[in-house]
Structure formats: C-alpha cells, structure tokens
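Please study the sequence and the three-dimensional structure shown below. The paragraphs that follow begin with the whole chain and then turn to individual residues.

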Amino acid sequence: MYMNVKYILLLLIISLLSCNNRNSVKDILPRSSFLKIEKEVRVKLCHPQKKDLCMHKKFGAVASGVVVEVTNVGAYALTAGHVCSDKDAKNFLKNYEHEMIFNVLDINKKSFPVKVIAIDQANDLCILRVQGIKKPAVRIASRSPQPGDRAYNLAAPTGIFDKNMIPIFEGFFSGSSENRSIYSIPAKGGSSGSPILNHEGELIGMVSAAFVHFPNLAVSPKYEETIGFIKNTIYLDRIRKESTNVISLLKNIFTF
C-alpha cells in the first residue's frame, strides 16, 4: 500500500511538471538575441532668403531585428530591407539638410550604433553590423517550415518594448503565396524585421509586412532566401574586411 502511494505521487509530480513545460516556451525563445531598432531623421529647414533663420524637425520610426552572428567586436543583425533603406527620405528631403540616426536597443535597453552592410530589395532583407554588442545569436533552422508548423514571433509592434519585456506572439506557417511566406501571426508597424521562429526557437523567417485589412497574417521572405542572404552577406563582408586589413598591412610594410 505504501509503495502504491509513493508511485502515485511520483506519477502526479511528473504529470504536473510535463504540463508546466508544455505551457511555456521560455526555454526556447532567444529573447536575448532580440533587438529593437530606432531610426530618427533630423531635418534642418531654413528660410530661402534668410539662411540664418532655421528650424529643426525630428521624425522617428521603430522596427525590430535579431542578432544572427556574433563577432569579436560586436554582431551581425537581421532586419527588414525597408527599415535600412533611406531612399524615400533622400528623395523627399533632397532639397533640405538632413541626418539619419540609426541605433538598436538590446533586451536591457542598452543602445548600440549600427552600420548597414547589405540590403536585398527584392526580398526586403537587410543585414546590420552592430558595434560593441555582446548578445548570443539566434540559431538558424536547418530546414524550411511546413504548412501547419507552429511558429513564434518576438516583436516590438508600434514600439511596444521595455527592459526585459518583449511581446511574444504565436501562430502557424500557412504556406506561401507570390514568393512570400504567410504566418498566422499578428503584425503592426514596428514588427518589421522581427524574427519568426520554429518550435525549437530557431530562425525560419522574418516579418516583412502585414495585410492592411487583416493584420493577423504576417508576410515573410521565404526561408531559403532569408537564410541564404544571411550567410552570403556575412561571408562576403568578412572577406571584404580581411582584404582591407591585408591591404592596410601591406601599405604599412612598404611605406618608406
């Protein structure tokens, strides 16, 4: 009788622990890899005749991103191509003096400067180099998602984000349409560039857009294009940096 009670209690404890694990994804989501992106355009407007009579305006925007590879001086991060592009701002403000300030915030709300490395306009992808950040990179999935696979999203929609607080969303991979992947994940301005993850917390996509009349579906570049762009861009950037270092070293050696 005593052994039966112990056995029942053991089964009850295991059952409770199993249920608790099924109800939480805290151990798989790469929250420390998430980045909130802040973009600010500072414009100087001066009177056409009175050049010393000027006023200053600021325009801000927010987006999301994720660390995809760590280096000894910082990291590479993925976000949406339209987040990195300043083509529209340049065209709109071509007659005005303006400056673009671009930085990211980590999970501790610490700010880091960034540099745009490459933009894939066709697939709306961008790789940034983040100086000085020391956060782990998200793991890259080894296979593409299949329709019906569960998916998770870490994002800062409309800029909602705080220290150790990142909105978490859940949905499913619905399939592809017009060379884009569709996920049943809600998205809003600020979600652009946010990572889409599989049930193991591995990167499978990135929020690029949402449907205007139904923002509960997120649009992502396809898995193959996303992962290929990440790997190729980082590889080429490292080759460029190594070549620059070699040329600089040779110049120092042969300078008399």
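How many helices and how many strands are there in the protein? The model, which is a predicted one, contains 4 helices and 13 strands. The protein has 256 residues, and buried residues make up 40% of them. Its accessible surface comes to about 15200 Å², and carbon and sulfur atoms contribute 57% of that area. Among contacts with a separation of 6 or more, 67% are between residues 24 or more positions apart in the chain.

A first residue to examine is lysine 39, which belongs to strand 1, formed by residues 34-46. Is lysine 39 buried or exposed? Its relative accessible area is 15%, and a residue counts as buried when this value is under 20%; lysine 39 is therefore buried. The side chain of lysine 39 has polar partners in the backbone. One of its polar atoms lies 2.6 Å from the backbone oxygen of valine 83, and the side chain also reaches the backbone oxygen of serine 85, at 3.1 Å. Valine 83 and serine 85 also appear in the list of residues in contact with lysine 39 when its neighbours within four places in sequence are left aside. That list further includes Phe59, Gly60, Ala61, Met100, Ile101 and Phe102.

The next residue of interest lies in a loop. Aspartate 106 is found between strand 4, residues 97-105, and strand 5, residues 111-120. With a relative accessible area of 3%, aspartate 106 is buried, because the value falls under the 20% limit. Which backbone nitrogen lies 2.9 Å from a polar atom of the side chain of aspartate 106? The backbone nitrogen of asparagine 108 lies at this distance, and so does that of lysine 110. Leaving aside neighbours within four places in sequence, aspartate 106 is in contact with Phe34, Leu35, Phe112, Ile133, Lys135 and Phe161. The C-alpha atom of aspartate 106 is separated by 9.8 Å from that of glycine 65, although the two residues are 41 residues apart along the chain.

Strand 5, which follows this loop, leads to a hairpin. How do strand 5 and strand 6 run with respect to each other, and how many bridges join them? The two strands run antiparallel and are joined by 6 bridges, strand 6 being formed by residues 125-131. Within this pairing, lysine 115 stands opposite arginine 129 of strand 6. The hairpin has 4 residues between its strands, and aspartate 124 takes a positive phi near 60 degrees there.

Terms used: Residues numbered from 1 in each chain as written. Predicted model: local features only at pLDDT ≥ 70, side-chain atom pairs only at ≥ 80, totals over all residues. Heavy atoms only, no water. Buried < 20%, exposed > 50% of the residue type's maximum accessible area, 1.4 Å probe, protein only. Contact = heavy atoms within 4.5 Å. Polar contact = N/O pair within 3.5 Å; in protein donor to acceptor, adjacent residues only side chain to side chain. Pairing = 2+ DSSP bridges. Areas by Shrake-Rupley, 256 points an atom, 1.4 Å probe, with all protein chains shown as cover.
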